[in-house]
Structures are given as C-alpha cells and as structure tokens.
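Please look over the sequence and the model below. The report that follows walks through selected parts of the fold.

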Amino acid sequence: MTLQERDRAVNWHPYTQMKKAEDAIPIVKGKGIYLFNDEGKQYIDAVSSWWVTLHGHANPYIAQRVSEQLKTLEQVIFAGFTHEPAIQLSENLLKLLPGNQEKVFYSDNGSTAVEVALKMCIQFWHNQGKEKTKILAFKDAYHGDTFGAMSVSGRSVWTKPFGEMLFEVIFIDTPTSENLDDLKSIIKNHSEEITCFIYEPLIQGAAGMLMHHADDLSILMKFCKEQGILMIQDEVFTGFGRTGKLFAANYLSENPDIMCFSKGLTGGTMPMGITTSTHQIFEAFLSDDKYKTLFHGHSFTANPLACTAALASMELLLKEETLNNINLISEKHLNFSKTLQQHSKVENVRQTGTILAWEIKNDKQTSYFNEIGKIIYNEFLKRGIIMRPLGNVMYLVPPYCITSEELDFIYRNILEVLNDL
C-alpha cells in the first residue's frame, strides 16, 4: 500500500470533509523553506505550515539542541518539580515582553493557552468574591477550537453544532476612528459584568487576515483599563516577528494583563503553549485557601524538549541576520502589494510585516467555503508552492529564512495564476 492509501485507511484530518477530500500529500522530508513528497517533488512552504515554522524545516541548530536535551531529560512532571529549560525560557521570554508581564504558565497549544487565560480572568474575580459573567471579544475572532476558545471566537458554521454550549460573549467590531465612540458606549454599558476583553492584536488570522490599526486598538485598550476590564492579548499568530516587530505588543501604547503564545514559539518544531500574566493576576491566586489555586495543568506542561526548542528558536529569532530578513520580507511584501493593488482581479490588499493578504474578486460567496480557494490551492501545488487560501482570501506567511529570489519566484507565480483565472 502507498502512504496515501495507508493514511486514508486510518487518519482523520483537520478542517477536512473526508468524503470529498483528495488524498493527502505524503511529506517525507523538510529542509529550509522546502517540503519534499514521497516522489521527490519539492514544495515551497509559503504558509509556514499553518503559520508555525519560523526558521525553516529541520533547522539544524534547533535539532541539535533538542537532541542534546533528549539525552539528558525528556520529560518531568511540572507540578512540584522544575528544570533549567523551563526557567531559562520564562526568563528569556519575559525580557522581551511588556514590562508588566511577570509570570509564565505553560500548556500545549494556542487553544489551551487561551483556555488558561480565560480561566485566570474568571477566577481572578471569583477569588475576590466578585462574579463577572460576560466576556468581550471581536466579531469574526478566532482563538482556537476548544470550548472556551470557541466561545470567544466569532459564531459561524464551525461553532453552530455547539452553540447552546458556548458561554455568553459580547462581540464588538474591530476599532476604527469612526466607531470608537460607539464601542466605548457598548463597553461602558456592560463594564460591571465584563470579566475580560480578549482580542487578536492588529490581525485576525483565521477570519481572513483582517487587519486593524494599532492606534485605534491602543485607544480601546486604554478605555478598557479605565473601566477595570482585564485584557487578554492573543499573540498566538502575531508573536515572534510575524508583524515585522517581535510582538504586536511593540506597536501598542497600552499593555495587556495576560498574553497568549504558541505557533512560532518553538520555531514550529514542537507543540507548546504559554500564557503570561501580570503579578496582579498571579497575586489573586496566592492564598491560605487552597480552593483559590489555579486548577489547570497538562501532562506535558513545560516539556523540557519543547522548552529547549523554544530557547533555540528564540536565539535564532534575535540574530541580526533573522531580524534583517524579517525586514526584507516586510519591505518586499509592501512593494509587491502595490503591484497587486493594480491587478483587475484583486481587491482589499493588506500587509503587516511578513503577512501579506488580498482577495480574489468574484461574484460568489466571500467566505472560507468559496470554491475559488480550492482551485487556487491546487494550481499552486502544481507549481511547487503551498498556499492555503481562506476561501477567496489569499495570503503569504513565509518562513524567515526565505531569500529574495525565492520570494520573487512566488510573486511571479501569483501574478501568473491571477492572470489565468
């Protein structure tokens, strides 16, 4: 049996209607920006394998560090025990974050990092004898697929089967100079019952790479702070250089109370989630009353291998060469966006840092389920490029090790595909 036949017999793939799905492409090797299938064909990973791969596939430095750690300590329970990689990673990360972030809680992925953050906020008030029942979030948000994360994500066909099980959320539009007063009014009317405000800063990824301005978000954050509302900044996607700066937080004038990280955290090498908090949040759980403990944990919390991968990835991220290449990608995306804006089949071109997105004009449904996405996806695969359109929304989120010439190759193929539509 082929790998495809064996896969079809036993595996259930994410976000895939298995009855209609084409056979999955067997990938047997990765190197840099390239993935190789079982027949030797290479593909440029132009979406960083769901936005996680920062430094390219099978990065030798990260692999070396993880291999060394594997021979020393592969796993230890993190309740009652600790280890050097977790301590060092927390120390290094906190140095890069807003100064009010002081504590690190480890979990397994982006969804669980959000779950932890929500539980922290809800219990923060509960431990003080205050029961707040509502959460504030952006329309079209996406924070993950677990129940808490789904609850604070935009309601859609994805969440419809679970609608009655999701908790109450006040959804608002992303901020603009025109709607800020209206948003403030909504928030003020509910401020006494709002537990927290959770948001994707600058870019709503899964919603179709929707972008909003840092200045407007900063104003909204400041207002929430004045109303005593805790803020959760979901940097699962935007963290670790994607926006052109190390974190979206670097664009904002206000600091959140809690931050969530995953995806690029380990350079895409291993699963890991992190939730950071202020000392004020942490302090609300310090008590002689054991029932005020944060009762949350995972078997692989602060796994030493994942911590080591994250430490190695962070070292690579902070190298001058990497930072220069992030700037190069950002500048080339900006220049190419001007070409896209002139194309007759393109609209709503937008770019922040290493993230470039645009929409294909057509007279059909503008959504994740727009069939044009599948057509484009298959056309790029033929050309040796992995693009994963969100319906009629196309985007580029390349690994930072991509070269100028490789970007130009992708740009040329984008224009050719657009011209042939």
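The model is predicted. Begin with a lysine. Lys184 touches Ile219 and Phe223, leaving aside residues up to four places away in sequence. Lys184 is part of helix α7, residues 180–190. Its partner Ile219 sits 35 residues apart from Lys184 along the chain, and their C-alpha atoms are separated by 9.8 Å. Lys184 counts as partly exposed because its relative accessibility is 25%.

**The open sheet**

Seven-strand details come next. The model has an open sheet of 7 strands, in the order β4-β12-β11-β10-β7-β5-β6, with mixed pairing. Which strands stand at the edges? They are β4 (103–107) and β6 (169–172). Each has a single partner strand, so one side of each lacks a neighbour in the sheet. From one strand to the next, the twist averages 20 degrees.

Within this sheet, β11 (residues 258–261) and β12 (residues 273–277) are antiparallel partners over 4 bridges. Cys260 stands opposite Thr275 of β12.

**Helices on the sheet**

Helix α4 (residues 84–96) lies across β4, β11 and β12. It runs at about 125 degrees to β4. Helix α4 also meets a second helix. Two packed helices are described by the angle between their axes and the distance between the axes. The axes of α4 and α10 (residues 304–317) come within 9 Å and cross at roughly 35 degrees. The crossing of α4 past α10 is left-handed. On the α4 side, the contact is made by Pro85, Ala86, Gln88, Leu89, Asn92, Leu93 and Leu96. On the α10 side, it is made by Pro304, Cys307, Thr308, Ala310, Leu311 and Met314.

Leu89 of α4 has contacts beyond this helix pair. Leaving aside residues up to four places away in sequence, Leu89 touches Tyr106, Met272, Ile274, Cys307, Ala310, Leu311 and Met314.

**Nonpolar cores**

Leu89 also belongs to the largest nonpolar core, which has 49 residues. Leu89, Phe240, Leu340, Trp358, Met387, Leu396 and Ile414 touch the most other members of that core. A second, separate core has 36 residues, including Phe197, Met221, Ala357 and Tyr395.

**Two hairpins**

Strands β1, β2 and β3 pair in succession. The table sets out the two hairpins.

| Hairpin | Pairing | Bridges | Residues between strands | Positive phi |
|---|---|---|---|---|
| β1 and β2 | antiparallel | 4 bridges | 2 residues | Gly32, near 60 degrees |
| β2 and β3 | antiparallel | 3 bridges | 4 residues | Gly40, near 90 degrees |

Strand β1 covers residues 27–31, and β2 covers residues 34–37. Tyr34 of β2 stands opposite Lys31. In β3, the bridge partner of Tyr34 is Ile44.

**Helix α12 and its surroundings**

Which residues of helix α12 (residues 372–382) are buried? They are Ile372, Gly373, Ile376, Asn378, Phe380 and Leu381. The buried residues of α12 pack against four strands and a helix: β3 (42–45), β14 (355–360), β15 (385–386), β16 (393–396) and α13 (404–420). Strand β3 of the second hairpin is thus one of the elements that α12 packs against. Just after α12 comes Gly384, with a positive phi of about 80 degrees.

**A buried threonine**

Thr53 sits in the loop between α2 (48–51) and α3 (60–70). Is Thr53 buried or exposed? Thr53 counts as buried because its relative accessible area is 3%, below the 20% cut-off. Leaving aside residues up to four places away in sequence, Thr53 touches Ser48, Arg242, Gly267, Gly268 and Pro399.

**Cysteines**

How many disulfides does the model have? The count comes to 0 disulfides. Cys224 illustrates the point. The closest cysteine sulfur to that of Cys224 is in Cys196, 10 Å away, which is too far for a bond. A disulfide needs the two sulfur atoms within 2.5 Å. Cys224 counts as buried because its relative accessibility is 0%. Cys401, at 33% relative accessibility, counts as partly exposed.

Terms used:
Residues numbered from 1 in each chain as written. Predicted model: local features only at pLDDT ≥ 70, side-chain atom pairs only at ≥ 80, totals over all residues. Heavy atoms only, no water. Buried < 20%, exposed > 50% of the residue type's maximum accessible area, 1.4 Å probe, protein only. Contact = heavy atoms within 4.5 Å. Pairing = 2+ DSSP bridges. Core = buried A, V, L, I, M, F, W, Y, C linked by side-chain atoms within 4.5 Å. Axes fitted to C-alpha atoms, helices over the stretch in contact; angles between N-to-C directions. Left-handed = near helix turned anticlockwise from the far one by under 90°.
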